[in-house]
Each structure stands twice: as C-alpha cells, then as structure tokens.
Amino acid sequence: MAGEEPYPRKILQYMEGFLVSKTLFCACELGVFEQLHESQRPLSVSELAGSLGCSEDGTERLLNACVSLELLNADTDTHGTVFYSNTEMSSVFLTKSSPTSLFHSIEYSSRTIYLCWHYLNDAVREGKNQYEKAFGVNSKDLFEALYRSDEEMVKFMHLMNSIWNICGRDVVTAFDLSPFRCICDLGGCSGALAKQCVSAYPESTVTIFDLPKVVRTSQQHFVSPQDERISFCEGDFFKDELPQADLYILARILHDWTDQRSVELLAKIYHSCRPGGGVLLVESLLYEDDSGPLTAQLYSLNMLVQTEGRERKASDYSRLLNAAGFTHVHIHNTGKIYDAILARK
Ligand SMILES: C[S@@+](CC[C@H](N)C(=O)[O-])C[C@H]1O[C@@H](n2cnc3c(N)ncnc32)[C@H](O)[C@@H]1O
C-alpha cells in the first residue's frame, strides 16, 4: 500500500529457513518425538528435559518452537503446567517406528547434507561436489566417497529407503507395469522400491542389482528372506554384465551422473533389453521452462554439492534415452517429489 514501509517478509523467511530446519533436526536427533511417543502420555518440560538429559531452559525453548511449527501440541493443566504431545503429523512422519517415518532422512540431512551445503558457494564456483572440504575424502569415485564408512553407507541406505514408503506406490503405478514380469532394479539399494513393485504387481519378481557391500547390507538389514519375489545380484552397472530382465528400473540413478555416463548406462540397458522390454526412470523432473518446481531446483543444487549429476527436464531424459537407442518415451508427472518416465525398446 502507498506510504507503507516495504517489509521483506519473504527474504526474512528465506534467511531464517535454516533455523527451522535445524530446529526440526535437533528435536528429532535429541529424541523429543520418540520420547513423547514412548511415554504414551503428554509430558511437561521438566519430565522431557530429565529423560532427554537436556537443560530445562533449552528444552522449553525447543518445545515451544516445535509448537509454533505445528510439530507438537501444548496443553496447560489447571495448575498452569504445560504438557506437550506429538501432533498427528509428527506421530506419522517423525517417530522411528512409524512405517512412514522420515526420521532417517532428517538425520542424514542434518549430519551429511547440511555439512555439504556449508560449501555451496564453492560448489557453484567450482562446478563440483564438496566431499573433500566437507569430509576430507577424495570424491574421484563418487560412491567410495558417499560410502566412506560402513556406518555412512547404512545411513545413506536408510535415507534412500524412507521416501518410497511415502511416494513409491505413485511411481510404480504411474504406468501399468504388469506386462513386465521380470524386473531388475539397477542401483536398487535397500529394496524399498522393489517391495513397492512386488506389492503392486503380484505376478512380478524383482532383482536388486547393486554394489556388493550394498547388496549384503540390504540382505542383512532391509529385505527379509520372506520377500520371496525379491532377489539380489552384486555388481557394478558400469563394468559388469547386467542381469536379463523385461524391465530395468533406474530410480534416482541418472541424477547422480553426467550426461555421458548416463547414456553409457542407458545404452548398456538397451543392449540387455529384449524388444518390447523397457526402462523406467524415476527422477524429480524440472519444468521445461526452468521455472520450477523449487524442490527439484534445490535437489539439483544438492546434486551439485554431493554428486557428479543434476536434476533434469523430461526433454533432457528423452534426449539421453534416444541417444541410447530407446524410441518410445512416455512421461508421467505424479504431482509428488518423484516422477516416472517409461521408455520401450
Ligand atoms: C541415489 S541411490 C538410489 C537408490 C535407489 N534406486 C532409490 O531410489 O532409493 C544410487 C544407488 O546406486 C548404487 N550404485 C552406485 N554406483 C553403482 C554401480 N557402479 N553399480 C551398481 N550400483 C551402483 C548405489 O549403491 C545406490 O544404491
């Protein structure tokens, strides 16, 4: 309005965005939501501070910020004591035992991604990932750097695992995949998407192809032997022969790599694929006119800080698929974080 001082609401909000993220990270990592879940009743500041081993003052500030973020409810009893409890959203997405828990994604964001983003300026200047500065590791081999310890690898696998409990059904049902009985999930990691596939397509089997130590960890910690329609194959998808399959899934794989390496991998798939077979790409798609979505644009910056790749537009993936030999390319935007592209041979 005329005469009013301009107020930079959005800029202030963006400037403080990391304070919100850190508040969420801190409440998760200290175990606030877990403690409230386990206690099965609302808790006061002193009860929570005591069980978490934290200062009462710090805990009270943290809890009140969480109330404003709608992560906690606060109710005052007749004596004036405030009791805190999880909101529905926190119970469903922030407690470890919930089947749709984002706890491990938040932990990885806090302990790994947040540290890499400290070097975003350098990443933009240099046009490359920042493992060397953030963790003191050489990133010549990307996944050697990402899996710099067994503990880091398991944390990464948990990160990969969690989102498919929320978005997995949408991507595996974006197209009718029932004609593809034999599916190979290349870089299938913890098997979360494989589980979604066998659940959506009762006639299909899925082979998870991944690096040997990932396969072993997946078998030990993520996929039960009772999941009879899921099997494993150890290998390097750039160097080794690929298993025979009707459909190859590449979920969040090409965004790790340059165009050149992506075409190399897609061409290998094309050669292993029988006519009529296909490849399903699962990625976060940028709009064709570069105007969004913001999440995909931020993920693309994250790919710069953490990988050799980038997020791409549907037309970019079509170009890579065409260069590898695939001609029939279909795009499906799910409206959630991840979209699906099906190409046939
Ligand atoms: C970003 S993760 C995606 C995991 C999974 N597809 C998902 O969406 O949850 C990349 C995966 O590719 C695997 N990978 C990386 N390089 C590989 C290679 N050369 N051969 C086989 N798998 C590889 C990693 O171990 C990891 O599981």
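What follows is a friendly conversation about helix packing and a small set of strands in a predicted model.

Trainee: Let's begin with helices H2 and H5: at roughly what angle do their axes cross?
Mentor: Helix H2 covers residues 17-30 and helix H5 covers residues 56-68. Their axes come within 10 Å, and the crossing angle is roughly 120 degrees.

Trainee: Which word describes how H2 and H5 are oriented to each other, and why?
Mentor: The axes cross at roughly 120 degrees. Roughly perpendicular ends at 115 degrees and roughly antiparallel begins over 145. The angle lies between those cut-offs, so H2 and H5 are oblique.

Trainee: Is the crossing of H2 and H5 left-handed or right-handed, and which residues of H5 make the contact?
Mentor: The crossing of H2 and H5 is left-handed. On the H2 side the contact is made by Thr23, Cys26, Ala27 and Leu30. These residues meet, on the H5 side, Leu62, Ala65 and Cys66.

Trainee: How many residues of that contact between H2 and H5 are nonpolar?
Mentor: None of the contact residues is charged, and 1 is polar. Thr23 belongs to the contact, and Thr falls outside the nonpolar and charged groups, so Thr23 is the polar one. The nonpolar count is 6.

Trainee: Now the sheet: in what order do the strands lie?
Mentor: The sheet is open and has 3 strands, with antiparallel pairing. Strand S1 (43-44) and strand S2 (72-76) are the edge strands, each pairing on one side only. The order is S1-S3-S2.

Trainee: Which residue in S3 stands opposite Leu43?
Mentor: S1 and strand S3 (residues 82-86) pair in the antiparallel sense over 2 bridges. Opposite Leu43 in S3 stands Tyr84.

Trainee: Which helix lies across S1, S2 and S3?
Mentor: H5 packs on the sheet too, but the strands it touches are S2 and S3, and its direction makes about 110 degrees with that of S2. The helix lying across S1, S2 and S3 runs at about 95 degrees to S3 and spans residues 32-39. That is helix H3.

Trainee: Further along the chain, how many residues in the contact of H11 with H12 are charged?
Mentor: The axes of helix H11 (residues 150-172) and helix H12 (residues 192-200) come within 9 Å and cross at roughly 35 degrees, in a right-handed crossing. The contact includes Trp164 and Arg169 of H11, and Leu193 and Gln196 of H12. Besides 7 nonpolar and 5 polar residues, the charged count is 1.

Trainee: Which domain does the record place at residues 117-326?
Mentor: Over residues 117-326 the chain is 47% helix and 13% strand, with its end C-alpha atoms 36 Å apart. In an unreviewed entry, UniProt names this domain "O-methyltransferase C-terminal".

Terms used:
Residues numbered from 1 in each chain as written. Predicted model: local features only at pLDDT ≥ 70, side-chain atom pairs only at ≥ 80, totals over all residues. Heavy atoms only, no water. Axes fitted to C-alpha atoms, helices over the stretch in contact; angles between N-to-C directions. Helix = DSSP H or I, 4+ residues; strand = E, 2+ residues; numbered from the N terminus. Parallel < 35°, antiparallel > 145°, perpendicular 65-115°, else oblique. Left-handed = near helix turned anticlockwise from the far one by under 90°. Contact = heavy atoms within 4.5 Å. UniProt positions renumbered as here; feature names shortened; annotations may be inferred. Pairing = 2+ DSSP bridges.
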